[in-house]
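The exercises below are to be worked with the sequence and the model side by side. Each task is followed by a solution in steps.

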Amino acid sequence: VMLTCNSGLPLEQSFTIAGGDPEGVTFVVTDIPDTGADCEVTETGTPAGYTTVLNDGDGCVWEDVVVGSFTCDITNEADPATYTVFKDFTVQRDGGDVVIPEADITIECDSAIVGGDEDDGTWTLSGKLSDGESLVATVDTTAGPATCSATEEITQSGVEQSSSGCGPTALPAGGSHTCTFTNTVFFEGIPTLSQYGLAILVLLTLGVGFIGFRRIV
């Protein structure tokens, strides 16, 4: 933490302080002119995934200070994590018009999800996703890393399912993770023949019939 003033001595002071230190640190400024000094406390080296909050958001800035004692409470708040599910629906060949390209997705975490539902300590966020859509869960990490996973439910038959990165995953403060569900539908299609092809098919069929007849005789 650092104290910076535009006048007085010293103009800058810095200390290293551990989280939860009950004593804190004390800055002392002397030789302040009668017109007063403007001073500010800042913090550097904040851990990744945390946001610095000074005096509950009011900041630690004092203007025209001549004498007195001032307090700066510094809190490093854990940033929420995000768990994102992407939907990929692929239809091979013609026939996509008879398939509804969507599935029910559920994200489950052991920590609070913004806008989610809670049941016995487990939080869930659900949604119906179509091809190219996504579902994002914003997860609280105040108490430590949150563990999240995702599942998919699709009732249409003939749809292959695969996933990537959707198993249980630990999310640290400010962390992010993505999961992708891929559904693939295969349509074999109906082969077509030209008039020449049909003529050949008829001749082949007749030939098989003649051979069968001769063998029976």
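**Exercise 1.** Along strand β8 (residues 102-109), which side chains point to one face and are buried, and which point to the other and are not?

*Solution.* This is a predicted model, in which local features need pLDDT of at least 70, side-chain atom pairs count only at pLDDT 80 or more, and totals for chains, interfaces and linings use all residues. Residues are numbered from 1 along each chain as its sequence is written, and side-chain values use heavy atoms, with hydrogens and water left out. Strands are DSSP runs of E, at least two residues long, numbered from the N terminus, and buried means under 20% relative accessible area (1.4 Å probe, protein chains only). The side chains of β8 alternate: A103, I105, I107 and C109 are buried on one face, whereas E102, D104, T106 and E108 point to the other and are not buried.

**Exercise 2.** Identify the strands β10 and β12 as partners of β8, and find a residue pair for each.

*Solution.* Two strands pair if DSSP finds at least two bridges between them. Eight bridges connect β8 with β10 (residues 122-130) in the antiparallel sense, and here T106 stands opposite S126. With β12 (residues 146-153), β8 forms six bridges, again antiparallel, and D104 faces E153 across that pairing.

**Exercise 3.** Describe the open sheet of four strands and its edges.

*Solution.* The strand order is β2-β1-β3-β5, with antiparallel pairing. Because β2 (12-14) and β5 (61-65) each have a single partner strand, they stand at the edges, and one side of each is left without a neighbour in the sheet. Strand β3 (residues 37-42) is joined to β5 by three bridges, with E40 having V61 as its bridge partner.

Note on methods. Buried < 20%, exposed > 50% of the residue type's maximum accessible area, 1.4 Å probe, protein only.
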